[in-house]
Structure formats: structure tokens, C-alpha cells
Amino acid sequence: MVFTSLQRPQSSIESEEKYPALRIVLSIQKLLVVLFALATIIVVVQMWRSPIPNKLALGLLGLLIGTIVCLIQWAAIEVVEVLLDIEENTRRTAARAP
């Protein structure tokens, strides 16, 4: 059969998930980034509705800064997830080595 590796039972090393608290923190941080993005949108809409001069420029500036902050934070979360995946794959490969 071609997919014999898919039917192998998992060992305790493979089924063990390391750093569960870090994964929880990353999930919370993702939620906070989404909330920050929503707050940015709300603030920008409120800026556009205000009677101050240059409201369009200030709104666009706020939107740009909020977007950049959200993207940088999300990228930082993804970097940590990539490092966790590399650690997990390295551990699996080391466990399978003869």
C-alpha cells in the first residue's frame, strides 16, 4: 500500500504536544490582534464622522498605522508557530531515526 505511513500508530512522543501554555498564549494574542483591528476600524469611522478639519487624512493615517501594527503582530505570532512546528518536526524525525 502506498500510504502505509498514514496507518502507523502514533507513539507517545508523536502524540505529545509540547508547550501547551505557549499555544494558548498565541491564541489569546491572535484574538487580541483581531480585536485591535476591529477597534482600529471603529476609531477610523469615528474620525471620519467627526467635525475636525483634515478628518480624511487623519482617518487614513490611523487606518494605515493600525493595519501595519496588526500585520506585524500577526507575523510575529506566525514566526513563533513556525518555530514550534520546526521543533515538533525535529522531535518526530529524531524519534524515528534508527
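**Exercise 1. Order of elements**

Determine which elements the protein contains and in what order they run from the N terminus.

*Solution.* In this predicted model, the elements run α-α-α from the N terminus on. The count agrees with this pattern: the protein has 3 helices and 0 strands.

**Exercise 2. The span of helix 3**

Compare the reach of helix 3 with the span expected at 1.5 Å a residue.

*Solution.* Step 1: helix 3 has 42 residues. Step 2: the expected span is 1.5 Å times one less than the number of residues, which for helix 3 gives 62 Å. Step 3: from its first C-alpha to its last, helix 3 reaches 61 Å, close to the expected value.

**Exercise 3. Salt bridges between helices**

Identify what Arg-23 and Glu-88 form, and state which parts of the chain the pair ties together.

*Solution.* Step 1: the side chains of Arg-23 and Glu-88 meet in a salt bridge, with an N to O distance of 3.8 Å. Step 2: Arg-23 belongs to helix 2 (residues 20-49) and Glu-88 to helix 3 (residues 55-96), so the pair ties together parts that are 65 residues apart in sequence.

Treat Glu-78 and Lys-30 in the same manner.

*Solution.* Step 1: their side chains also meet in a salt bridge, at 4.0 Å from N to O. Step 2: Glu-78 lies in helix 3 and Lys-30 in helix 2, 48 residues apart, and the pair thus links distant parts of the chain.

**Exercise 4. A network around Glu-88**

Establish which residues are joined into one network with Glu-88 by salt bridges that share partners.

*Solution.* Step 1: Glu-88 forms a salt bridge with Arg-23. Step 2: Arg-92 forms a salt bridge with Glu-88, and the closest N and O atoms are 2.7 Å apart. Step 3: Arg-92 and Glu-88 both lie in helix 3, 4 residues apart, about one turn of the helix. Step 4: salt bridges that share partners therefore join Arg-23, Glu-88 and Arg-92 into one network.

**Exercise 5. Burial**

Classify Arg-23, Arg-92, Glu-78 and Glu-88 as buried, partly exposed or exposed.

*Solution.* Step 1: buried means under 20% relative accessible area, and exposed means over 50%. Step 2: Arg-23, at 24%, is partly exposed; Arg-92, at 27%, is partly exposed; Glu-78, at 32%, is partly exposed. Step 3: Glu-88 is one of the buried residues of helix 3, which also include Ile-77 and Leu-84. For the protein as a whole, buried residues make up 13% of the 98 residues.

Conventions
Residues numbered from 1 in each chain as written. Predicted model: local features only at pLDDT ≥ 70, side-chain atom pairs only at ≥ 80, totals over all residues. Heavy atoms only, no water. Helix = DSSP H or I, 4+ residues; strand = E, 2+ residues; numbered from the N terminus. Buried < 20%, exposed > 50% of the residue type's maximum accessible area, 1.4 Å probe, protein only.
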